[in-house]
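Biologist: I want to learn how to read a model like this one. Please take me through it feature by feature.

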Amino acid sequence: MSMLLRFLFSAIGLLVACSYVPGLGHGTFVDLLIVAVILAALNTTVGTFLKVIAIVPMACSFGCFSLVINGLVFWMAGALSLKLGLHFTVSGFWAGFFGALVSSVIASILGAIFIPQDRQRPQGPAPRIKVVN
């Protein structure tokens with residue numbers, strides 16, 4: 001259920017990004033849901049590959065170079081969605097950069113508000129480790 005909510009929040013983030021970032025265009029909300037799935041797939045495959053390749057710039061910029069990679073993946077998702085017949089457009093790198101930034105912030109805020117976190121902190125001292133001779 002939380003995965004479906006994350007895709008929904010990502011689509012809402014895309015909708016907000018298309019409203020505020022010049023150079024982004026969208027069709028129906030169903031198109032945005034499909035683009036959210038495309039973005040998730042591209043981030044897990046191409047995005048991870050690019051982050052592994054760009055490990056040195058990532059380390060030198062304290063991880064800020066990942067924003068550039070996210071912008072490239074967002075731009076790629078716009079190109080792929082046009083080829084698939086969806087009405088989601090990204091006009092260039094900077095539109096992709098700011099679109100990725102806005103949509104991820106909105107999706108993260110919605111996820112923090114509506115998806116419950118079931119993680120609890122461990123109570124008490126750490127367990128002892130027995131060494132067997």
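Biologist: Which helix gives the largest share of the nonpolar patch?

Modeller: One caution before that: this is a predicted model. The answer is helix H5, residues 93–114, with 7 residues of the patch. The full patch is Leu-67, Trp-94, Phe-98, Leu-101, Val-105, Ile-109, Ile-113 and Phe-114. Together they have about 780 Å² of accessible area on the surface.

Biologist: How should I read spacing along a helix?

Modeller: Start with the general idea. An α-helix has 3.6 residues a turn, so residues three or four places apart point the same way. Now look at the patch. Its members include Trp-94, Phe-98, Leu-101, Val-105 and Ile-109.

Biologist: Is Ile-109 buried, exposed or partly exposed?

Modeller: Partly exposed, because its relative accessibility is 45%. Ile-109 sits in helix H5.

Biologist: Which residues of H5 are buried?

Modeller: They are Phe-93, Ala-95, Gly-96, Phe-97, Gly-99, Ala-100, Ser-103, Ala-107, Leu-110 and Gly-111.

Biologist: What do the buried residues of H5 pack against?

Modeller: Two helices and two strands. The helices are H1 (2–20) and H4 (65–83). The strands are E1 (24–25) and E2 (89–90).

Biologist: Take one buried residue. What does Gly-96 touch?

Modeller: Gly-96 lies in helix H5. Its relative accessible area is 0%, so it counts as buried. Skip residues up to four places away in sequence, and Gly-96 touches Gly-71, Phe-74 and Val-90. Gly-71 and Phe-74 are among the buried residues of H4. For a distance, take Thr-45: it is 51 residues from Gly-96 in sequence and 18 Å away in space, C-alpha to C-alpha.

Biologist: How do I judge helix length?

Modeller: Compare the end-to-end reach with the expected rise. H5 has 22 residues and reaches 31 Å from first C-alpha to last, close to the 32 Å expected at 1.5 Å a residue. H4 has 19 residues and reaches 28 Å, close to an expected 27 Å.

Biologist: Stay with H4. Which elements do its buried residues pack against?

Modeller: H1, E1, H2, helix H3 (55–60), E2 and H5. The buried set in H4 is Ser-66, Ile-69, Gly-71, Val-73, Phe-74, Ala-77, Gly-78 and Ser-81.

Biologist: Why does Ser-81 count as buried?

Modeller: Because its relative accessibility is 0%. Ser-81 belongs to helix H4. Set aside neighbours within four places in sequence, and Ser-81 is in contact with Val-35, Leu-86 and Phe-88.

Biologist: What follows H4, in terms of phi?

Modeller: Gly-85 follows H4, with a positive phi near 90 degrees.

Biologist: Which residue has a positive phi although it is not a glycine?

Modeller: Phe-62, at about 55 degrees. Phe-62 lies in the loop between H3 and H4. Its relative accessible area is 78%, so Phe-62 is exposed.

Biologist: Now helix H1. Is Gly-13 buried or exposed?

Modeller: Buried, because its relative accessible area is 0%. Gly-13 lies in helix H1. Beyond neighbours within four places in sequence, Gly-13 is in contact with Ser-103 and Ile-106. Ser-103 is one of the buried residues of H5. Gly-13 and His-87 are 74 residues apart in sequence and 16 Å apart in space, C-alpha to C-alpha.

Biologist: And Tyr-20: buried or exposed?

Modeller: Exposed, because its relative accessibility is 67%. Tyr-20 is in helix H1 as well. Between Tyr-20 and Val-132, 112 residues apart along the chain, the C-alpha separation is 62 Å.

Biologist: Where is Ala-40?

Modeller: In helix H2, residues 29–53. Ala-40 is partly exposed, because its relative accessibility is 27%. Its C-alpha is 14 Å from that of Ser-2, 38 residues away along the chain.

Biologist: Last topic: cysteines. How many disulfides does the structure hold?

Modeller: First the idea. A disulfide is a covalent bond between the sulfur atoms of two cysteines. This structure holds 0 disulfides. Take Cys-64: the closest cysteine sulfur, in Cys-60, is 12 Å from its own, so that is too far for a bond. Cys-18 is buried, because its relative accessible area is 10%.

Conventions. Residues are numbered from 1 along each chain as its sequence is written. This is a predicted model: local features need pLDDT of at least 70, side-chain atom pairs count only at pLDDT 80 or more; totals for chains, interfaces and linings use all residues. Side-chain values use heavy atoms; hydrogens and water are left out. Patches are made of residues with over 30% relative accessible area and no salt bridge: like charges are joined within 9 Å, nonpolar side chains (Val, Leu, Ile, Met, Phe, Trp, Tyr) within 5 Å. Accessible areas come from the Shrake-Rupley method with a 1.4 Å probe; for residues, only the protein chains shown count as cover. A salt bridge is a side-chain nitrogen of Lys or Arg within 4 Å of a carboxyl oxygen of Asp or Glu. Helices (H or I, at least four residues) and strands (E, at least two) are DSSP runs, numbered from the N terminus. Buried means under 20% relative accessible area, exposed over 50%, partly exposed in between (1.4 Å probe, protein chains only). The expected span of a helix is 1.5 Å times one less than its number of residues. Contact means heavy atoms within 4.5 Å. A disulfide is a pair of cysteine sulfur atoms within 2.5 Å.
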